[in-house]
Amino acid sequence: MDIIFGRNKKEQLEPLRARVTGRIPAWLQGTLLRNGPGMHTVGETRYNHWFDGLALLHSFTIGDGEVYYRSKYLRSDTYNANIEANRIVVSEFGTMAYPDPCKNIFSKAFSYLSHTIPDFTDNCLINIMKCGEDFYATTETNYIRKINPQTLETLEKVDYRKHVAVNLATSHPHYDDAGNVLNIGTSIVDKGKTKYVIFKIPATVSEGGKKGLSPLKHMEVFCSIASRALLSPSYYHSFGVTESYIVFLEQPFRMDILKMATAYIRGVSWASCLAFHREDKTYIHIIDQRTRKPVLTKFYTDPMVVFHHVNAYEEDGCLLFDIIAYEDSSLYQLFYLANLNKDFEENSRLTSVPALKRFAVPLRMDKNAEAGSNLIKLSSTTARALKEKEDQVYCQPELLYEGLELPRINYAHNGKRYRYVFAAEVQWSPIPTKGISMLSNRPFPCFSPSDAQIIKYDILTKSSLKWGEAHCWPAEPVFVPTPGAEDEDHGIILSAIVSTDPQKLPFLLVLDAKTFTELARASVDVEMHLDLHGLFIPGADWDAGKQAHSREERDRAAERRVAPRT
């Protein structure tokens, strides 16, 4: 597993032409822009957790049947400080660091107050957000970094706190048809009140006839929800939206603010202040977008941990939402670098299996319904909502599929009725299973998750199509619709593939989304990293993506220290 998780990756600053086999559709023009951790050791120091690694951006620029690849580390303040010191000096969620390696418990105390609510990292390694005409690398702190999507150059740093009071924010915002951005963050101890803040960023801003003004300066608070435990807010990674509602899960995977306030002086990571409380409930908050207020009915379900919402929509007076749920927080534990070793398959066996689950909540309460009765009358799901009191409902989900993560959909169906989920299949089991390689149409032995697959799951028929190849690890599959497409699955699936086989080059996979047959792959002789999330920019500047960096940018790059391979 060291080849996937343990090694620092080298940058590919100049665009490198990929070797294409098969045929890329002529209409596919644009750039697949991705983000993820690429450097886990600096000098003689090492991060504790894979999610702490320094952000490495990479892109595949596609046009005229050709593909060009490039990668570049995000030049965050965190990256620059670490590289200059030749060691980790900025703390990440799973790794506490100190600027002065000689600090002892007494000198730490002098810095205690400044770290009560910490100034978090700007190592934006999780996703890419589109805001107006601009693109930003994002993480789960209050910082985002503007980037050039063609050259991957790092531009200005943005602090959400200058515009809205949040200390943390998700890397999975939603976009409406006009391009407005909707996101949610946590405001920690704001005048003694910890709350979840839903905020909106306009797609465009025009004042006094002037255009091109920064939308970020015009973000507004859409709604706020008080945390049920003021000193222990919920962790969350995403949320759901429908055409009229917002779905937020307050789960019993919670941060202890008092422990976080003393983490620096105690020399422990902020991750140690996060705990799963299996005796608690998961609360389902439904916010009406028209009134900007939460629905008064209290919905809850069993304890679980959710990183990714899939989609949500309304049907016959009910709100349905699909999520990837875990029974506990063991997934986060699995990705400590100490566990990503030769015993990974054995360690993963102890990890909760991700399950695609569907919940349904009634948008209107039947006051005449008896206690214990099911308020969901839909024939499309077996999910139930059991009335307990006049204003309290217990929700039981429908299990749709076990063993998938990193879900994506045709985003044109976001918030609406939909049928297909595209995801990476993971079984967390060292027991051999049989997969089907759509390339050869023959079964091959698959030791999940070291030979993961891409899956297309049909919610309507409960059937699936899969693509897989021995020793391959697929990244999150991204759906790109065919121009003028009418069918939900009429398009292309793109996924960056890395391999545990050092003799196999990484490649960009191009699948027909309808049949899941391979159309092409674009192989590149580089040290590609396993990324997390990203997006496709249609019709991006093809020539700019092919061009090398300017002389000035090459000179700046030469002056910087590039991460060594370890």
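Start by selecting His172, His237, His308 and His533: the unreviewed UniProt entry annotates these four as "binding site". You are looking at a predicted model, so treat the view accordingly. The four histidines span 362 residues in sequence, yet no two of their C-alpha atoms are more than 12.3 Å apart, so they gather at one spot. If you can display cavities, turn on the largest one: its lining takes in His237, His308 and His533 from this set.

**His172**

Zoom in on His172, in the loop that links strand S12 (168–169) to strand S13 (174–175). Is His172 buried or exposed? With a relative accessible area of 15%, it is buried, because the cut-off for that label is under 20%. Now show its contacts, skipping anything within four places in sequence: you should pick up Asn127, Asn183, His237, Ser238, Phe239, His308 and His533. The other three annotated histidines are among those contacts. Draw a distance between the side chains of His172 and His237, and you get a polar contact of 3.0 Å.

**His533**

Next, hop to His533, which sits in strand S41 (residues 533–538). This one is buried too, with a relative accessible area of 3%. Beyond four places in sequence, His533 is in contact with Arg34, Asn35, Ile126, Asn127, His172, His237, His308, Leu406 and Glu476. Asn127 turns up on the contact lists of both His172 and His533, so add Asn127 to your selection if you want to see how the pair is surrounded.

**The nonpolar cores**

Zoom out for the nonpolar parts. In soluble globular proteins, nonpolar side chains tend to be buried together. The largest nonpolar core here has 108 residues, and the members touching the most others are Ile284, Phe321, Leu356 and Leu494. Color strand S25 (residues 318–326) as well, since the largest share of this core, 8 residues, comes from there.

Pick Leu494 for a closer look. Which residues does Leu494 touch, not counting those up to four places away in sequence? The list is Leu28, Leu32, Ile62, Glu476, Pro477, Val478, Val480, Leu508, Leu509, Val510 and Phe536. Glu476 is also a contact of His533. Then select Val197, Ile201, Leu216 and Met219: they belong to another core, of 15 residues, lying apart from the largest one.

**Two helices**

Go to helix H2 (residues 77–85) and show Thr78, Tyr79, Asn82 and Ile83, which are buried. Look down the axis: these residues cover an arc of only 120 degrees, which puts them on the same side of H2. An α-helix has 3.6 residues a turn, so residues three or four places apart point the same way. For what covers that buried side, add strands S3 (30–39), S4 (41–42), S6 (54–63) and S7 (66–73), which are included in the cover. Just past H2, check the backbone of Asn86, where phi is positive at about 60 degrees.

Helix H4 (residues 257–266) makes a good companion view. Its buried residues are Ile257, Met260, Ala261, Ala263 and Tyr264. They cover an arc of only 140 degrees around the axis, which puts them on the same side of H4. At the start of the helix, a side-chain oxygen of Asp256 comes to within 3.1 Å of the backbone nitrogen of Leu258. At the other end, Gly267 follows H4 with a positive phi, near 75 degrees.

**Two loop stops**

Select Pro252, in the loop between strand S18 (245–250) and strand S19 (253–255). Pro252 is buried, with a relative accessible area of 1%. Measure C-alpha to C-alpha from Pro252 to Phe276: the two are 24 residues apart in sequence and 5.7 Å apart in space. Besides Phe276, the contacts of Pro252 beyond four places in sequence include Ala275, His277, Asp280 and Pro303.

Last residue: Ser352, in the loop between helix H6 (344–348) and strand S26 (355–362). Ser352 counts as buried at 7% relative accessibility, and its side chain reaches the backbone nitrogen of Glu327 at 2.8 Å.

**Whole-protein view**

Finally, show everything as a cartoon: there are 8 helices and 41 strands. Color by burial, and 58% of the 566 residues come up as buried.

Conventions. Residues numbered from 1 in each chain as written. Predicted model: local features only at pLDDT ≥ 70, side-chain atom pairs only at ≥ 80, totals over all residues. Heavy atoms only, no water. Buried < 20%, exposed > 50% of the residue type's maximum accessible area, 1.4 Å probe, protein only. Helix = DSSP H or I, 4+ residues; strand = E, 2+ residues; numbered from the N terminus. Arc of directions from axis to C-beta. Contact = heavy atoms within 4.5 Å. Core = buried A, V, L, I, M, F, W, Y, C linked by side-chain atoms within 4.5 Å. UniProt positions renumbered as here; feature names shortened; annotations may be inferred. 1 Å grid on protein atoms, 1.4 Å probe; cavity = no way out; pocket = protein on both sides within 12 Å on 5 of 7 lines; lining within 4 Å. Polar contact = N/O pair within 3.5 Å; in protein donor to acceptor, adjacent residues only side chain to side chain.
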